[in-house]
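Biologist: Before we accept any label in this model, I would like to go through the reasoning behind each one. Could you set the values against the criteria as we go?

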Amino acid sequence: NYFDTSPAYCKGKSEHATGIALSRHPRDSYFIATKLSNFAPSTWSREASIGMYRNSLKELQTDHIDYMLLHGIGMGSDGMEEFNHRYMDNGVLDFLLKEREAGRIRNLGFSYHGDIKVFDYLLSRHDEYKWDFVQIQLNYADFDDPAVQSRKCYEVCRKHGKPVIVMEPVKGGSLVNLPEDAQKVLDGLHGGSNASYAIRFAASFPGIRMVL
């Protein structure tokens, strides 16, 4: 009953379709997660970013978002500079904090891709922002990959006591079709499908709230 969407997904149609699909059910029977996907510089202004947020409420046919994410922090050639343009310089993060106070956002967090400096910075200010959760990429192939830093991200979340939502548990499906040597290891366990092993790995850690 947890539905993760974004203004950027499915060529911009995901929120609209999700709103139609869920509107036939009682609002308290499901959770909606969406994101402020203001990636393009044309959406970095306060007006454009807040407009995107309000359009999400309209498309999803709801008066509140259960899980609201700053989408893909840390991306770009300079992750901190881009983060400041998207959320800090324009006052958008302050706006979202006030929306949470008003109850239109029930949980506020962020999804992380890229520059670990931004990740560390945001969690270092958790007393100020009071993040409700963090969404990270976590799977057994990326856990110790220095390019992804899943282990470090997870450990930092645990240090700050932040619930974790896992994305990419099957690494875009690539952990289903494995090299022969790896497949033999899983076949010898006789316990489930390749996808189930990946999802069970991601779900096995303390503090995991949801595996997408």
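Modeller: Let me start with a pair of helices in this predicted model: the axes of α2 and helix α4 (residues 92-102) come within 10 Å and cross at roughly 35 degrees.

Biologist: What makes the crossing of α2 and α4 right-handed?

Modeller: The crossing of α2 past α4 is right-handed because that word applies when the near helix is turned clockwise from the far one.

Biologist: Which residues of α2 and α4 meet?

Modeller: From α2 there are Arg46, Ser49, Ile50, Tyr53 and Arg54, and from α4 there are Val92, Phe95, Leu96 and Glu99. By class, this contact has five nonpolar, one polar and three charged residues, where Arg and Glu count as charged and Ser as polar.

Biologist: Where does helix α2 lie with respect to the strands?

Modeller: Helix α2 (residues 46-59) lies across β2 (31-36), β3 (65-73) and β4 (105-112), and runs at about 160 degrees to β2.

Biologist: What does Leu96 touch, beyond residues up to four places away in sequence?

Modeller: Leu96 touches Leu36, Tyr53, Leu70, Ile105 and Leu108. Leu96 is also among the residues with the most contacts inside the largest nonpolar core, which has 45 residues, and Leu70 and Phe110 are others in that group. In soluble globular proteins, nonpolar side chains tend to be buried together.

Biologist: How do you know that β6 and β7 pair?

Modeller: Pairing requires at least two bridges, and three bridges join strand β6 (residues 164-167) to β7, the two running parallel; one partnership is that of Val164 with Ile208 in β7. The open sheet as a whole has seven strands in the order β1-β2-β3-β4-β5-β6-β7, with parallel pairing.

Biologist: Why are β1 and β7 called edge strands?

Modeller: Both β1 (2-4) and β7 (208-211) pair on one side only. Neighbouring strands of this sheet are turned by 25 degrees against each other on average, direction ignored.

Biologist: Why is His190 called exposed?

Modeller: The relative accessible area of His190 is 73%, and exposed means over 50%, so His190 is classed as exposed. His190 is found in the loop between α8 and α9, and has a positive phi of about 50 degrees although it is not a glycine. Most residues other than glycine have a negative phi.

Biologist: Which residues of helix α9 are buried, and what covers them?

Modeller: In helix α9 (residues 194-203), Asn194, Ser196, Tyr197, Ala198 and Ala202 are buried, and their cover includes β6, α8 (180-187) and β7.

Note on methods. Residues numbered from 1 in each chain as written. Predicted model: local features only at pLDDT ≥ 70, side-chain atom pairs only at ≥ 80, totals over all residues. Heavy atoms only, no water. Helix = DSSP H or I, 4+ residues; strand = E, 2+ residues; numbered from the N terminus. Axes fitted to C-alpha atoms, helices over the stretch in contact; angles between N-to-C directions. Contact = heavy atoms within 4.5 Å. Core = buried A, V, L, I, M, F, W, Y, C linked by side-chain atoms within 4.5 Å. Buried < 20%, exposed > 50% of the residue type's maximum accessible area, 1.4 Å probe, protein only.
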